[in-house]
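Okay, thanks for making time, everyone. I'll put the structure up and then walk through a few spots in it.

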Amino acid sequence: MKFSIYRYNPEKDEKPYMQDYDVELQPTDRMLLDAILRIKAVDDSLGLRKSCREGVCGSDGMNINGKNGLACITPLKDLKEPVVLRPLPGLPVIRDLIVDMSQFFKQYNSIKPYLINDNPPPQKERLQSPEEREELNGLYECILCACCSTSCPSFWWNPDKFVGPAALLQAYRFIADTRDDATSERLDNLEDPYRLFRCHTIMNCADVCPKGLNPTEAIGKIKEQMVRRMV
Amino acid sequence: MVKRVVVGAHYGLRDWLLQRITAIVMAVYTVAFLVVVLPSLPMGFEDWRAGFAHPVVKISTLLFLLSAMLHAWVGVRDIFMDYIKPFGLRLFLQVVVILTLFVYALWAIQLLWSV
């Protein structure tokens, strides 16, 4: 199977280049990550991140034939040859397919991704009704692979100011949580022309999410909460 | 001055809402305009003049034009915020757009009430 992979080692290369590979697959190779590991067995200079190899850790996010996704859950049979692999767009490249995610996690940190509740905890646990718990479905599943934020043009143009789809989905996850007491502060934190309103509903985020989540919808719900608060 | 990334202007919701509401106003006017005008085509100069002499047409057209300008202001500012990085240039361009739209609004009033 033919591959064309983005290569860049800042210690050696003046600028990035695409390297072609032709690798023989085994019958057990089903996912793109299997094929990349075959390539790595031949050329161990190829750099990439991977860990769980089953779409849970979110390490192997990359740009596959122009669309962001996780290599470990992308079936080889669906890919057109040559398979063009590039690092996630918009983030600084450390080496080959490895990007510097600092900016992404800085934005994630800025939305305070943890439960804020100053009331003394009850004896056993803070309870929710099944309906209240239902609200968190489609939000808590995010694995922070950064496929969505790095496919968002608004995040490309203003990664230092726009929170980005992944972190906004997480922001809504805590706004929607009935056990969280900081809803108003969270909305204050986001009510900003750059932090939230750079989203122009392009919907690349929902298109690429490997977990099938919809950050655009969550962003819409944040705006809805703000409108409810204002009018 | 130290270069820092500053955010937290705490506005944006009103503009976002305004853009949606003005879009609805423009859509309703456009449909209403077509419903009224299409059946009575072809229209001569006198027909157009008689139509726009009616105060309801004047005011609804002005509402449409003001909506278009407010809508454009939010949209054009969004484009500047996305693509124009030097903040001095961004401020300058925003002022130019505001003044231009203001002149257009006054011009629209003058045109509509000259009929």
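So, A:Gln170 sits in helix α5 of chain A. This is a predicted model, by the way, so keep that in mind throughout. Is A:Gln170 buried or exposed? With a relative accessibility of 6%, A:Gln170 is buried, because the cut-off for that is under 20%. What does A:Gln170 touch, if we skip its neighbours within four places in sequence? The contacts are A:Tyr108, A:Ile111, A:Leu139, A:Cys142 and A:Leu144.

Staying in chain A, let's go to helix α6, residues 183-190. The buried residues there are A:Arg186, A:Leu187 and A:Leu190. Those three span an arc of only 95° around the axis, which means they are on the same side of α6(A). The background is familiar: an α-helix has 3.6 residues a turn, so residues three or four places apart point the same way. And what do the buried residues of α6(A) pack against? That would be α5 (165-175) and α8 (215-230) of chain A.

A:Arg186 also turns up when we look at A:Tyr114. Leaving out neighbours within four places in sequence, A:Tyr114 is in contact with A:Arg186, A:Phe174 and A:Asp180. A:Tyr114 itself is in a loop, the one between α2 (102-110) and α3 (130-134) of chain A. Its relative accessibility is 44%, so we call A:Tyr114 partly exposed. For a sense of distance, A:Asn68 is 46 residues from A:Tyr114 in sequence, and the C-alpha atoms of the two are 27 Å apart.

Now for the other chain. How much area do chain B and chain A bury between them? About 1,800 Å², with 60% of it on carbon and sulfur atoms. On the chain B side, the residues losing the most area to chain A are B:Leu13, B:Met81 and B:Asp82, and together they make up 31% of what that side buries. In terms of residues, chain B puts 18 into the contact and chain A puts in 17.

On the polar side, there are two salt bridges between the chains B and A. One of them pairs A:Arg198 with B:Asp82, and the closest N and O atoms there are 3.0 Å apart. Across the interface, 12 residue pairs are in polar contact. On the side of chain B that touches chain A, the elements giving two or more residues are α1 (13-37) and α3 (55-83) of chain B. That side breaks down into 10 nonpolar, three polar and five charged residues.

Okay, that's my tour.

Notes: Residues numbered from 1 in each chain as written. Chains lettered and ligands numbered in written order. Predicted model: local features only at pLDDT ≥ 70, side-chain atom pairs only at ≥ 80, totals over all residues. Heavy atoms only, no water. Helix = DSSP H or I, 4+ residues; strand = E, 2+ residues; numbered from the N terminus. Buried < 20%, exposed > 50% of the residue type's maximum accessible area, 1.4 Å probe, protein only. Contact = heavy atoms within 4.5 Å. Arc of directions from axis to C-beta. Buried area = accessible area lost by both parts, 1.4 Å probe. Salt bridge = Lys/Arg side-chain N within 4 Å of Asp/Glu carboxyl O. Polar contact = N/O pair within 3.5 Å; in protein donor to acceptor, adjacent residues only side chain to side chain. Nonpolar A, V, L, I, M, F, W, Y, C, P; charged D, E, K, R; others polar.
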